[in-house]
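Colleague: I should like a close look at one part of this structure, namely its salt bridges. Please explain them formally, in terms that a first-year student can follow.

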Amino acid sequence: KHGPLVQNVMSEIRTKDPVALRWDYALGENRLLEAFRSMNNATNLGQFQSALPLIHGPGLNVVYADKEDNIAWWACTRMIQWPEHVNSKFFMCGDLSIDEPGAWLPFELNPHSINPESGIVASSNEQPTSSSGQFYPGYYVPPSRVKRVRKILNSSNSWDTESMQVLLLDVVCDEDRLNAEHLLQLLSSKKDSLTEKQLEAADLLNWDGAYTIESTGALLFQHLNYQLLLAAFSDEMTESEFEQFMHLHWMKRLAQELYFAPDHIAWDNVKTDQLEHMDDYLLPAFKHTVNDLILTYGEEIELWTWGIAHQVELKHPLAINEPL
């Protein structure tokens, strides 16, 4: 009843004990296609909304607009009422009845927004605002993207295809800009410990937060961000666990807060007796970052561009197989 055993098929789970993975998507009747058909055939807001409770998983954000100028957004999934003491991100004991999930919540309690006063509905997979005031755990990305979307939408009352294209292709992260600015301020107090090349590199943190292909600030900030997180968590994680951690949305959400919390518990090294702070790691991490970038991209700082480091090659699925 707790789902399939996964400890032998998921490399991330290193335990000899049996671990079951419960996913609501695999439970009960799947009416997803029926929901999509009803949504496509709807002629008004009410008919459209009546189809949404059929979406039980995976969780979807559904955004709506019609010719009557109605706009809406719903978080669509079948949500479970967990006991208050349960954190669904941790392993639970399968033979404890007090840990068992309760009933599914009625769909009307799902987070939603219908014709808000702001005139805007937007979703970038961030943690939604609940209409019931209850916190629903989930796998949310940081709110930085949706904040940027709303900021741009609120900057103008006139929108056409071209201006919407600019919004969709926007590459600015205001939170990363603020983080870089904060790190630069901290490094400024350590100028006497930096070489001329390192001081030149530090100036790249005076950056607009744009991840354009020619940006040097983007590359330096992301590399420094990696080195700081590695310093913070290498005492608690193995190398492979850290690489898994770096792919989590939770890591991204935590990184947004960590630099403005120099006494956060994550900065303390559990293997030492003293209490470490962010300040203990910043200078070594920055020097390591600059050395890495010099070794990888050369001495010319203007060549340290995001476009060189951050590339993707899309390969045809047939062409990458023998004999083609």
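Modeller: The answer begins with the reliability of the model and then takes the pairs in turn.

This is a predicted model, in which local features need pLDDT of at least 70 and side-chain atom pairs count only at pLDDT 80 or more, while totals for chains, interfaces and linings use all residues. Residues are numbered from 1 along each chain as its sequence is written, and side-chain values use heavy atoms, leaving out hydrogens and water. The mean pLDDT (the predictor's confidence in each residue, from 0 to 100) is 91 for the protein, and 99% of its residues reach 70 or more. Among the elements, helix 2 (residues 45–51) has the highest mean pLDDT, 97, and helix 9 (residues 249–258) the lowest, 85. Helices (H or I, at least four residues) and strands (E, at least two) are DSSP runs, numbered from the N terminus.

The whole structure holds 13 salt bridges, each a side-chain nitrogen of Lys or Arg within 4 Å of a carboxyl oxygen of Asp or Glu. One of them joins Glu100 to Lys1, with the closest N and O atoms 4.0 Å apart. Glu100 belongs to the loop between strand 2 (71–76) and strand 3 (112–114), and Lys1 to the segment before helix 1 (32–41), so this pair ties together parts that are 99 residues apart in sequence. Lys1 is exposed, at 78% relative accessible area, whereas Glu100 is partly exposed, at 22%; buried means under 20%, exposed over 50%, and partly exposed in between (1.4 Å probe, protein chains only).

Two further pairs connect helix 3 with helix 5. In one, the side chains of Lys147 and Glu175 meet with an N to O distance of 3.6 Å. Lys147 sits in helix 3 and Glu175 in helix 5, 28 residues apart, and the pair thereby links distant parts of the chain. Lys147 counts as partly exposed because its relative accessibility is 48%, while Glu175 is buried because its value is 17%.

In the other pair, Asp174 forms a salt bridge with Arg148, and the closest N and O atoms are 3.6 Å apart. Here Asp174 comes from helix 5 and Arg148 from helix 3, 26 residues apart, which again links distant parts of the chain. Asp174 is buried, at 14% relative accessibility, and Arg148 is also buried, at 14%. This pair belongs to a wider arrangement: salt bridges that share partners join Arg145, Arg148, Lys151, Asp170, Asp174 and Arg177 into one network.
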